[in-house]
Amino acid sequence: MTKRPNNKQKPSGKPALEQAEKPGFAARKVAADILGNVVHKKRPLDGELDITSGHSGFRALAGNDRSLVRAIIGAALRHRGEIAEILDRLLDRPIPEKTGRILDILHVAIAQMLFLDIPDRAAVSLAVDHAGLDRRARPYKGLVNGVLRRLGRERDEVTGDLDPAVLNTPDWLMESWQSAYGAETAREIARAHESEAALDLSVKADPEEWARKLDGQIVGAGSIRLVRKGAVDALEGYGDGQWWVQDAAAALPARLLGDVKGLRVADLCAAPGGKTAQLGAAGASVTAVDISKARLKRLEENMTRLGLSVETVAADLRAFEPEDLFDAILLDAPCSATGTIRRHPDVPWIKKPYDIEKLTEIQSELLDRVMGWVKPGGLVVYCTCSLEAAEGEAQVAGFLERQAGKIELFPVEAAEVGGLAECVTNEGYLRCLPCHSAAVDPVSKGMDGFFAARFRRF
């Protein structure tokens, strides 16, 4: 087993400045910093990687280094359980607390060695340099070197019998999915999270033509899944607002409102605006409401690019009162976002069961409140990007019981969602899983986890 070094180990004689200026060092250091902020301080990854308000070190990097940071952190979070188990096997005792970034440095290095196309020598060398420049981590510099070099020599023996689906999923989440979907499907969900999500687009019109232009394929109910990767804003049609980025599953709930042309429709909890754009492009008069002014500003910027005119309101729905009743409402309620783990691999490590309990209370309150904002005979679609039954099926069951005699469930049919029959439950709910195929013919696997139910007011 790899032993902890003597805490009196002398630091390297190499000048600190020379170490810090090594190509790639700054990116690895920022990656470890951000990983620590996400895992230990529960800061959302999107916020840390925001190019205008995120981690200062990340914002200072060149574009190629920012891409490297994203790749490293994505791999480190997506495989966090595996990496933790590997370290347990390589260490004879846990690393003490208050050792600087040692664990974060090791996780970043192992993510590169095992899951990215980066030579071991580069990952090891830069990790050792990083430990040497951290005052509290410096006594463990030799440990970092020993652990990583041993992994390089013995990777097959150390990693051969790992079970990624179990290791990379916190117990409470796996238990929740097993209870809702069964053990086999729960494993399929976890395995789907090992891969990054595809890039899907929604278009204003003519998806077949845009799929041809962008070298994509039609999935879902008319979404375009791109085959090649690259800068989104460099793709044809971006500048003149012909399409927007939106997962194939996220594009389904708005379709459940049917033909909205000429109708007054509320998109509640609307930011960043994918569903707002769908409704506006379909000819609805849209009122987009969101509690976050910053997120609403981004929605407005997106609508400007797309050439869509919508009304925006910054408000907490629990205090908001519309002036007139709406013809239809789409409520994309605040949720745990466990359906988006492929895109947001930090979610399993920053969310806890207690978060689900708080969110279900908010969802119940909002459902009861907004149902009174739609005209008699009008439709309300409730949706969440969550895999948790408490935020989907159980939430709706309670709502139907509370609102008995005032509303009715309007079941979803497969034809409304591109023929994706496996995404429609026996009750008539929409329930997309990350392991579902995004097409009737399974040419493309994977979509976000999404739940939606549709109601009609009496």
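Let me start in helix α11, which runs over residues 171-181, and whose buried residues are W172, L173, M174, W177 and Y181. Before going further I should say that what you have in front of you is a predicted model, so please take every value I quote as computed from that model.

Those buried residues of α11 pack against several other elements, namely the helices α10 (164-167), α12 (183-192), α16 (347-350) and α17 (353-370), together with the strand β11 (430-432). Just after α11 comes G182, and the phi of this glycine is positive, near 95°.

One of those partners, α17, brings me to a second residue, because T360 is found in that helix. Is T360 buried or exposed? Its relative accessibility is 16%, and since buried means under 20%, T360 counts as buried. As for its side chain, a polar atom there lies 2.8 Å from the backbone oxygen of E357. If we leave aside the neighbours within four places in sequence, T360 is in contact with A390, E391 and Q395.

Now to another part of the chain, the loop between α3 (45-48) and α4 (56-59), where G54 has its place. This glycine is also buried, with a relative accessible area of 11%. Which residues does G54 touch, once its neighbours within four places in sequence are left aside? They are G47, E48 and R59. With I34, which is 20 residues away along the chain, the separation between the C-alpha atoms is 9.8 Å.

Let me step back to the whole protein, which has 18 helices and twelve strands. Its radius of gyration is 24 Å, close to the 23 Å that the globule rule gives for 458 residues, and so the protein is as compact as a globular protein of that length. Along the principal axes, the C-alpha trace spans about 75 × 45 × 45 Å.

Of the 458 residues, 52% are buried. Looking at contacts with a separation of 6 or more, we find that 70% of them are accounted for by residues 24 or more positions apart.

Finally, the surface and the charges. The accessible surface comes to about 20400 Å², and 49% of that area belongs to carbon and sulfur atoms. The protein carries 61 positive and 66 negative side chains, and the centres of these two sets lie 8 Å apart.

Key:
Residues are numbered from 1 along each chain as its sequence is written. This is a predicted model: local features need pLDDT of at least 70, side-chain atom pairs count only at pLDDT 80 or more; totals for chains, interfaces and linings use all residues. Side-chain values use heavy atoms; hydrogens and water are left out. Helices (H or I, at least four residues) and strands (E, at least two) are DSSP runs, numbered from the N terminus. The radius of gyration is taken over C-alpha atoms; the globule rule is 2.2 Å times the number of residues to the power 0.38. Buried means under 20% relative accessible area, exposed over 50%, partly exposed in between (1.4 Å probe, protein chains only). Contact means heavy atoms within 4.5 Å. Accessible areas come from the Shrake-Rupley method with a 1.4 Å probe; for residues, only the protein chains shown count as cover. Lys and Arg count as positive and Asp and Glu as negative; His and the chain ends are not counted. The place of a charge is taken as NZ of Lys, CZ of Arg, CG of Asp or CD of Glu. A polar contact is a pair of N or O atoms within 3.5 Å; within protein, one must be able to donate a hydrogen and the other to accept it, and residues adjacent in sequence count only if both atoms are side-chain atoms.
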